[in-house]
Amino acid sequence: MKTYRRAMTIAGSDPSGGAGLQADLKTFSALGCYGTSVIVAVVDENTVGVTGVHPVPVEFVSGQIRSVLDDIGTDAIKIGMLHSSELIHAVRSTLEPYNITNIVLDPVMVATSGDPLLEADAVATLREDLIPHVRVITPNIPEAELLLGQSIAGQHDLPDAARMLSEKCGGVSVLLKAGHLHDSDLIDIFYNAESGKLTELKSKRLDTVNTHGTGCTLSSAFAASLAKGMPLDEAAHAAKKYINDALCAGASYAIGHGHGPVHHFHHWW
């Protein structure tokens, strides 16, 4: 019998389908992985903004993780929005016995619309209790600033910021996204903590409002690439290419009245 490459997302939902676990599952499928999902919160949102977050009880989140891993297992995990310190502790302690290496964490703190998604006291918990136990984090600049406790002025600061983030967070590899800057070239920085290598991931900046779920999609593409057995640097390049192509294809569409989604299935339809 054939087997699937498996990827799990631990994240909140997005009823509009562009972000959260819905974006993750679309990305896993588009990249040839069998996706499983653990729902940590039901989010009331659309392309315009977030109206509310309804947390799933922490013990129920842990139960979902154990149910999937005890039965199906996984080759990689993407972790998205974890809104509280209690939830962060629970996810770490539940995953610990499974010894899963390929964990990509998107430190989701603020939605594309600007709405906060993480309780203030949970930032330190995320940095100190969970991030040192994952393989890769994919912060944008505001998230990196919160984790570092200092500002990032521009493109020239990104390499040092990525290295400092790695050092401050237990030696994790860092894909630091440059989307909040305004240069014509969009140059993300990937610091591979396992080799000490720093890589520039370049693309042309695209003028589009369809950016809802870009962070979720990039991190889940990274996880899917690792699930398929790619080395770390190759997975970073593959994830960057996927999100850039999805942004370019999605820019041609109009959906919703705010920040529309990227085109997850640009390669297929």
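Reader: I am looking at the two strands S8 and S9. In which sense do they pair, and over how many bridges?

Author: Strand S8 (residues 185-192) pairs with S9 in the antiparallel sense, and eight bridges join the two. Keep in mind that this is a predicted model.

Reader: What joins S8 to S9?

Author: The two strands form a hairpin, with four residues between them. In the turn you will find Gly196, which has a positive phi of about 80 degrees. Within the pair, Asp185 has Lys204 in S9 as its bridge partner.

Reader: How should I read charged side chains such as Asp185 and Lys204?

Author: The general idea is that side chains of opposite charge can pair when their charged atoms come close. In this structure, Lys204 forms a salt bridge with Asp185, and their closest N and O atoms are 3.0 Å apart. The salt bridge links distant parts of the chain, since Lys204 lies in strand S9 and Asp185 in strand S8, 19 residues apart.

Reader: Which of the words buried, partly exposed or exposed fits each of Lys204 and Asp185?

Author: Exposed means over 50% relative accessible area. Lys204 has 59%, so Lys204 is exposed. Asp185 has 30% and is therefore partly exposed.

Reader: Which residue forms a salt bridge with Lys202?

Author: Glu200 does: the side chains of Glu200 and Lys202 meet at 3.7 Å, N to O. Lys202 is found in strand S9 and is exposed, because its relative accessible area is 57%. Glu200 is partly exposed, with a value of 47%. Salt bridges can also share partners: Arg92, Glu96 and Asp129 are joined into one network in this way.

Reader: What does Lys202 touch, leaving out residues up to four places away in sequence?

Author: Lys202 touches Leu186, Ile187 and Lys240. You can also look at Asn244, 42 residues from Lys202 along the chain: the C-alpha atoms of these two residues are separated by 9.7 Å.

Reader: How many salt bridges does a search of the whole structure find?

Author: The search finds 13 salt bridges. One of them is between the side chains of Arg6 and Asp75, at 3.0 Å from N to O. This pair links distant parts of the chain: Arg6 is in strand S1, while Asp75 is in the loop between H2 and S4, 69 residues apart. Arg6 is partly exposed, because its relative accessible area is 23%. Asp75 counts as partly exposed at 23% relative accessibility.

Reader: Now the sheet. What is the order of its strands?

Author: A useful general idea first: in a regular strand the side chains alternate between the two faces of the sheet. Here, nine strands make an open sheet with mixed pairing, in the order S3-S2-S1-S4-S5-S6-S7-S8-S9. Strand S3 (50-55) and strand S9 (197-204) stand at the edges with a single partner strand each, so one side of each has no neighbour in the sheet.

Reader: And what lies on the sheet?

Author: Helix H2 packs on the sheet, where H2 touches strand S1 (6-12) and strand S2 (34-45). The direction of H2 makes about 165 degrees with that of S2.

Reader: Which pairs of strands show the two senses, parallel and antiparallel?

Author: For the parallel sense, look at S4 and strand S5 (residues 103-105), which pair over three bridges. There, Ile79 has Leu105 in S5 as its bridge partner. For the antiparallel sense, take S2 and S3, joined by five bridges. Val42 stands opposite His54 in S3, and a hairpin of four residues joins S2 to S3.

Reader: Which residues of helix H1 are buried?

Author: Buried means under 20% relative accessible area. In helix H1 (residues 20-30), the buried residues are Gly20, Leu21, Ala23, Asp24, Thr27, Phe28 and Ala30. They pack against S1, S2, S4, helix H7 (214-227) and helix H8 (232-250). Gly32 follows H1 and has a positive phi, near 85 degrees.

Reader: Which residues form a nonpolar patch on the surface?

Author: Tyr4, Tyr34 and Ile72 form such a patch, and together they have about 320 Å² of accessible area. Ile72 is in the loop between helix H2 (58-71) and strand S4 (76-79). With 32% relative accessibility, Ile72 counts as partly exposed.

Note on methods
Residues are numbered from 1 along each chain as its sequence is written. This is a predicted model: local features need pLDDT of at least 70, side-chain atom pairs count only at pLDDT 80 or more; totals for chains, interfaces and linings use all residues. Side-chain values use heavy atoms; hydrogens and water are left out. Patches are made of residues with over 30% relative accessible area and no salt bridge: like charges are joined within 9 Å, nonpolar side chains (Val, Leu, Ile, Met, Phe, Trp, Tyr) within 5 Å. Accessible areas come from the Shrake-Rupley method with a 1.4 Å probe; for residues, only the protein chains shown count as cover. A salt bridge is a side-chain nitrogen of Lys or Arg within 4 Å of a carboxyl oxygen of Asp or Glu. Buried means under 20% relative accessible area, exposed over 50%, partly exposed in between (1.4 Å probe, protein chains only). Two strands pair if DSSP finds at least two bridges between them. Contact means heavy atoms within 4.5 Å. Axes are lines fitted to C-alpha atoms, for helices over the stretch in contact, and angles run from 0 to 180 degrees between N-to-C directions.
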